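Q: I would like a close look at one part of this protein. Please walk me through it step by step, and then show me what else stands out.

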Amino acid sequence: QVSYASSVSRLLCCPAMPPKLTDTTPLSFRQENPKRSGSKAHERFEKYKVAKTMAEAIRLGALRPDVVNDVKQGFCTVLDGDGNAAAASAASAAASAAEPPKLAASPPAKKRRVGVGAAAESAAAAKGAPAAAVWEPSPARAALQQQASPARAPIPPAAEAAPTEAVAAPAEEPPAATSSAAAAPSEGGGGSSGSSAGAATAAARGVVGKYADVDLSFAKLDGKPLKFVRRVMGEAKRLLSKQGLEEAKRDGYSFSLLDRENLSKWAVTLSDLNPDGNLAKDLKGRKLDSCIDLEVSLPDGFPMEPPFVRVTYPQLTGGYVFQHGGICFEPLTAKGWAPSMTMPALAIAIKGILDYGEVKVAGEGNRAARTVPGYSEEGARKDHNYIVSAHRGGEGSSYGSLKHYSS
C-alpha cells in the first residue's frame, strides 16, 4: 500500500516529461496559430507549422525551445513510427497507472436486536424461542446516512396558508449602469475574455469606489470582451472624474470622449510644452496655440494590445512623427507595450518625446477646425505598420530624448 501511494503521488505531482526531441523526431503542428498576434513567436510559427520533423522546423525558422514549448503546451504532437500520437498513449498509460485498486466490498450490516427489553430476551431464551429481530445499520453507518440526506426544512405556517391562486411578483429590474465601478487600470492577465453582453453588464455593475460621481450609463459596450470592458470603464472613470481632471490640468494634458457607445476613441490635447523646445518655438513663431492634438483608439484586445495613437493637429515633421501623423514610439507596438500603462501615463510619455525631440511644425492646415488635409486615420495606420515592421528587427535606439523628461 505504501509503495502504491508513493507511486501515485509521483505521478500526480511530477507529470511525465515530453519525449526527447531529436532532429528526426516526427512532429505534427497545430495549423491554427496559437501565438499572440504581432509577436515574433507568431511569425515563426506561421513559417514552421508545416514542418514534419524537428530538423525541418528549425530549417524553416523555428528555435529548438519553440518546439519544446509547443509540445508542452499542446500546440505540437510527437508522433511514433506509425504516425500516431505518442503523447496520447503515454497519457493513457499514466492514467491507468494512477488508477487505484478496487477495494473489497463492505461487510453486511450487523444484525442487532431492537425493540426487545432485557426481560423479554431472558423469557424468550428460557422458552427456547428467539426474540424478534430486525435489520439495523451500525451507529457509525447510521450517522453517515443522516449526514448524506439532510432533513427537509419545515414549511412555514404562512406559506402553508398562502392561497394557490397567488400571482408571482415580477423580477426586479437591474440597477442602472451609473453604479458601475472603475476596474483597476493595472489589471493583471487573469479573467475571462468572452464577448457577452451579460458579462459586460455585470462588469459595469461592480463596486462604486472613489469615482462614483462619473456617469457612464450612456456606454453600451455590446459585444466587447469582458477584460476590455473592465479596463476602459476604469480608465474612463478616472479621466472624467474630478480628481482625474485636476491631475490632467496639472500635468498638461486633457482627454475628451469621441466614442460614447464603446469608450474606445478619445481626443487628447497636450499643452504646457517645453518653452525651450523646437516644437514650442515653432508653434509660437507661427502664432499657433502651444498645444498638440492627438487621437487615441483602443482595440478590443486592450489592455493586452497597445492603443493606436496619431497626431491630428498641427502637421508635424521630423523626430518621431511620420507623414500622415503616425507616431514612432516603441510602447505603441506589441513589442514595447506594457498592459499596466494607463492612458494618462501614455499621454505624458508621448508629450515627452515631442517636447524634447527634433519635431517641428510642417503645416498649419485649417486653424479654425484644427485639422490637416493630409492627415487621416488610414494613412496613420499605414505609418504605424511601417513602424511596427521596423521595430521587429531589434531594440529601438531613438528614444534618448526621454532621459530629459520626467512626468
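How much space lies in the largest cavity?

A: This is a predicted model, so every value here is computed from predicted coordinates. About 50 Å³ of space lies in the largest cavity. The count comes to 3 cavities of 30 Å³ or more.

Start with the walls. The largest cavity is lined by Phe-255, Val-268, Leu-294, Val-296, Val-309, Met-343, Leu-346, Ala-347 and Ile-350. Two elements give two or more residues each to this lining: strand S7 (292-297) and helix H13 (343-355). H13 has the largest share, with 4 residues. Now look at the chemistry. The lining of the largest cavity divides into 9 nonpolar residues, no polar ones and no charged ones.

Next, compare this with the largest pocket. About 550 Å³ of space lies in that pocket. It is lined by 20 residues, and the closest to its centre are Ser-37, Glu-305, Pro-306, Ala-334 and His-384. Helix H14 (residues 377-391) gives the most to the pocket lining, with 4 residues. The pocket lining is mixed: 10 residues are nonpolar, 6 are polar and 4 are charged. The lining of the largest cavity has no polar and no charged residues.

Go back to the elements around the cavity. H13 is followed by a loop that leads to strand S10 (360-363), and Gly-357 has its place in that loop. Gly-357 has a relative accessible area of 7%, so it is buried. A residue counts as buried under 20%. Gly-357 also has a partner from elsewhere in the sequence. Tyr-320 is 37 residues away along the chain, yet the two C-alpha atoms are 7.5 Å apart in space.

S7 also leads into a loop, the one between S7 and strand S8 (308-313), and Pro-303 is found there. The peptide bond from Phe-302 to Pro-303 is cis, with omega near 10°. A second cis bond runs from Tyr-313 to Pro-314, with omega near -10°. Pro-314 sits in the loop between S8 and strand S9 (315-317).

Now check the backbone at two leucines. Leu-263 lies in the loop between strand S5 (253-257) and strand S6 (265-270). Its phi is positive, about 55°, although Leu-263 is not a glycine. Leu-263 is buried, because its relative accessible area is 0%. Leu-221 has a positive phi too, about 60°, and it is not a glycine either. Leu-221 lies in the loop between H9 and H10. At 3% relative accessibility, Leu-221 counts as buried.

Stay in that loop for a moment. Lys-224 is found there, between helix H9 (197-203) and helix H10 (226-240). Lys-224 counts as buried, because its relative accessibility is 13%. What does its side chain meet? One partner is Asp-300: a polar contact of 2.6 Å joins the two side chains. Another is Phe-228. The charged end of Lys-224 sits over the ring of Phe-228, 5.4 Å from the ring centre. Arg-381 does something similar: its charged end sits over the ring of Phe-308, 4.1 Å from the centre.

That brings us to rings that meet rings. The structure holds 7 aromatic pairs. One of them is Phe-29 with Phe-45. Their ring centres are 6.2 Å apart and their planes stand at 85°, so the pair is edge-to-face. The cut-off for edge-to-face is a plane angle over 60 degrees. This pair links distant parts of the chain: Phe-29 is in strand S1 (residues 27-29) and Phe-45 is in helix H2 (residues 40-48), 16 residues apart. Both Phe-29 and Phe-45 are buried.

Phe-29 has a further ring partner, Tyr-48. This pair is also edge-to-face, with 5.3 Å from centre to centre and 70° between the planes. Phe-29 lies in S1 and Tyr-48 in H2, so the pair ties together parts that are 19 residues apart in sequence. Relative accessibility is 5% for Phe-29, so it counts as buried. Tyr-48 is buried as well, with a relative accessible area of 0%. Put the three rings together: Phe-29, Phe-45 and Tyr-48 form one aromatic cluster.

Conventions: Residues are numbered from 1 along each chain as its sequence is written. This is a predicted model: local features need pLDDT of at least 70, side-chain atom pairs count only at pLDDT 80 or more; totals for chains, interfaces and linings use all residues. Side-chain values use heavy atoms; hydrogens and water are left out. Rings of Phe, Tyr and Trp (its six-membered ring) pair if their centres lie within 6.5 Å; planes under 30 degrees apart count as stacked, over 60 as edge-to-face and the rest as tilted. Buried means under 20% relative accessible area, exposed over 50%, partly exposed in between (1.4 Å probe, protein chains only). A charge sits over a ring if NZ of Lys or CZ of Arg is within 6 Å of the ring centre and within 35 degrees of the ring normal. On a 1 Å grid over the protein atoms alone, a cavity is a set of points where a 1.4 Å probe fits but cannot get out, and a pocket is an open set with protein on both sides within 12 Å along at least five of seven lines; lining residues have an atom within 4 Å of a point. Grid points are joined across faces, edges and corners, and a volume is the space filled by probe spheres set on the points. Ala, Val, Leu, Ile, Met, Phe, Trp, Tyr, Cys and Pro count as nonpolar, Asp, Glu, Lys and Arg as charged, and the others, Gly among them, as polar. A polar contact is a pair of N or O atoms within 3.5 Å; within protein, one must be able to donate a hydrogen and the other to accept it, and residues adjacent in sequence count only if both atoms are side-chain atoms.
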